[in-house]
Amino acid sequence: DEIETIEPTRVDTDYLYDIEVEDHHNFLINDFIVSANCDGDEDCVMLLMDGLLNFSRSYLPARRGGWMDAPLVLTTRLDPKEIDKEAHNIDIMEQYPLEFYESASKFANPKDVEDLMDTVSKHLGTEAQYMSRFTHPTSNIAAGPLNSAYKTLGSMVEKMDAQLALARKTRAVDADDVAERVINSHFLPDMIGNLRAFSRQKVRCVKCGAKFRRPLLSDTCPICHGRVILTVTEGSVKKYLDTSTRVATEYEVSEYTRQRIELIGLEIKSLFESDKSKQMGLLDFM
């Protein structure tokens with residue numbers, strides 16, 4: 001049903017006091033109204049109504065990924081069989097057997113110790129699928145850091161340095177392996193992707209915002225004669241090159257990774273530096 005009318009209601013008093021009664025969780029509203037405290041339920045209803053009333057498909061971007069995390073489907077009944085299978089691997093044990101720790105010290109494959117663990121997947125379709133046990137109780141499920149280091153640290157380089165510093169302090173972690181994984185999984189793909197994007201980029205007019213698939217013959221916009229600029233900058237392509245080189249020097253990474261960094265550096269240098277117009281000093285000839 002659509003909302004027909006909205007009538008704001010004003011109160012005569014300037015202030016509203018909530019006096020909560022301990023143990024009963026009731027609180028007094030004004031002078032004569034007593035209400036049960038159900039903040040969590042109220043929040044759920046308000047958040048649900050906000051998603052239903054203030055949501056429209058016209059708000060979603062048309063590009064790929066625009067529908068990600070959008071409330072397109074409303075689930076009224078939770079069936080453990082229909083959720084992600086990753087949740088089925090959660091253990092529901094009050095304590096782990098000794099064989100589990102012995103296998104962990106030998107770096108055994110998780111599949112080899114699966115029979116030792118009691119997981120959610122073994123109770124699907126039974127009443128036990130909704131039961132949960134844990135090894136370490138807590139008085140507050142929300143206890144813990146209120147702000148993670150991922151938010152307090154600024155650039156990605158600072159986050160990487162903090163990660164590697166923690167890896168060096170942890171005996172169970174191979175800091176050299178962590179450094180190589182960071183280079184291969186983050187820095188190298190980022191530089192390769194930006195290098196490819198730079199060669200295929202569009203150009204944009206700073207005045208009217210028009211975009212063109214290829215660089216123009218002139219440096220002005222054919223629509224408004226404004227200045228045309230690139231959409232992918234040189235800094236975005238080479239922003240992790242110096243950092244990757246430094247990490248590869250400080251840590252024992254494989255020779256293959258070192259050569260990949262060197263080759264990408266040569267490609268970036270050949271793209272942005274001109275041998276004819278390169279400025280040289282006296283030390284370059286000594």
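Q: How do I read the exposure of a side chain here, starting with arginine 246: is it buried, partly exposed or exposed?
A: Arginine 246 has a relative accessibility of 30%, so it counts as partly exposed, given that buried means under 20% and exposed over 50%. Please keep in mind throughout that this is a predicted model.

Q: Which residue does arginine 246 meet in a salt bridge?
A: Look for a side-chain nitrogen of Lys or Arg within 4 Å of a carboxyl oxygen of Asp or Glu. Here the partner of arginine 246 is aspartate 161, with an N to O distance of 3.2 Å. This salt bridge joins distant parts of the chain, since aspartate 161 sits in helix α4 (residues 156–169) and arginine 246 in helix α7 (residues 241–250), 85 residues apart. Aspartate 161 is partly exposed too, at 32% relative accessibility.

Q: Which residues are linked with Asp161 in a network of salt bridges?
A: Arg246 and Glu250 are linked with Asp161 in that network.

Q: How many salt bridges are there by this rule?
A: The count is five. One of them pairs the side chains of arginine 133 and aspartate 118, at 3.2 Å from N to O. Both residues belong to the loop between α2 (98–105) and α3 (149–152), so this pair ties together parts that are 15 residues apart in sequence. Arginine 133 is partly exposed, its relative accessible area being 31%.

Q: Where do lysine 238 and glutamate 234 lie?
A: You will find both in helix α6 (residues 234–238), four residues apart, about one turn of the helix. They form a salt bridge whose closest N and O atoms are 3.2 Å apart. Lysine 238 is partly exposed at 30% relative accessibility, and glutamate 234 is partly exposed at 35%.

Q: Let us step back to the fold. How many helices and strands are there in the protein?
A: There are eight helices and six strands. Followed along the sequence, they give the pattern β-β-β-α-α-α-α-α-β-β-β-α-α-α. Of the 286 residues in the protein, 20% are buried. Among contacts with a separation of 6 or more, 52% come from residues 24 or more positions apart.

Q: How are two packed helices described?
A: Two packed helices are described by the angle between their axes and the distance between the axes. Let us try α4 and α7, whose axes are 12 Å apart at an angle of about 15 degrees. That makes α4 roughly parallel to α7, because angles under 35 degrees count as roughly parallel. The crossing of these two helices is right-handed.

Q: Which residues in α4 meet α7?
A: On the α4 side they are Val157, Met160, Asp161 and Leu164, and they meet Thr243, Arg246 and Val247 in α7. By class, this contact has four nonpolar, one polar and two charged residues. Asp161 and Arg246 are old friends by now, as their side chains meet in a salt bridge.

Q: How do α4 and α5 pack, and at roughly what angle do they cross?
A: The axes of α4 and α5 come within 9 Å and cross at roughly 155 degrees. That makes α4 roughly antiparallel to α5, because angles over 145 degrees count as roughly antiparallel. α4 passes α5 in a right-handed crossing. From α4, the contact takes in Met156, Met160, Gln163, Leu164, Ala167 and Arg168, and from α5 it takes in Ala175, Val178, Ala179, Val182, His186 and Phe187. The residues of this contact comprise nine nonpolar, two polar and one charged.

Q: And for one more pair, at what angle do helix α5 and helix α8 pack?
A: Helix α5 (residues 175–199) and helix α8 (residues 255–272) pack at about 20 degrees, with their axes 11 Å apart. That makes α5 roughly parallel to α8. The crossing of α5 past α8 is left-handed. In α5 the residues involved are Glu180, Ile183, Asn184, Leu188, Met191, Ile192, Leu195 and Phe198, and in α8 they are Thr257, Arg260, Ile261, Ile264, Glu267, Ile268, Leu271 and Phe272. Sorted by class, the contact of α5 with α8 has eleven nonpolar, two polar and three charged residues.

Note on methods: Residues numbered from 1 in each chain as written. Predicted model: local features only at pLDDT ≥ 70, side-chain atom pairs only at ≥ 80, totals over all residues. Heavy atoms only, no water. Buried < 20%, exposed > 50% of the residue type's maximum accessible area, 1.4 Å probe, protein only. Axes fitted to C-alpha atoms, helices over the stretch in contact; angles between N-to-C directions. Parallel < 35°, antiparallel > 145°, perpendicular 65-115°, else oblique. Left-handed = near helix turned anticlockwise from the far one by under 90°. Contact = heavy atoms within 4.5 Å. Nonpolar A, V, L, I, M, F, W, Y, C, P; charged D, E, K, R; others polar.
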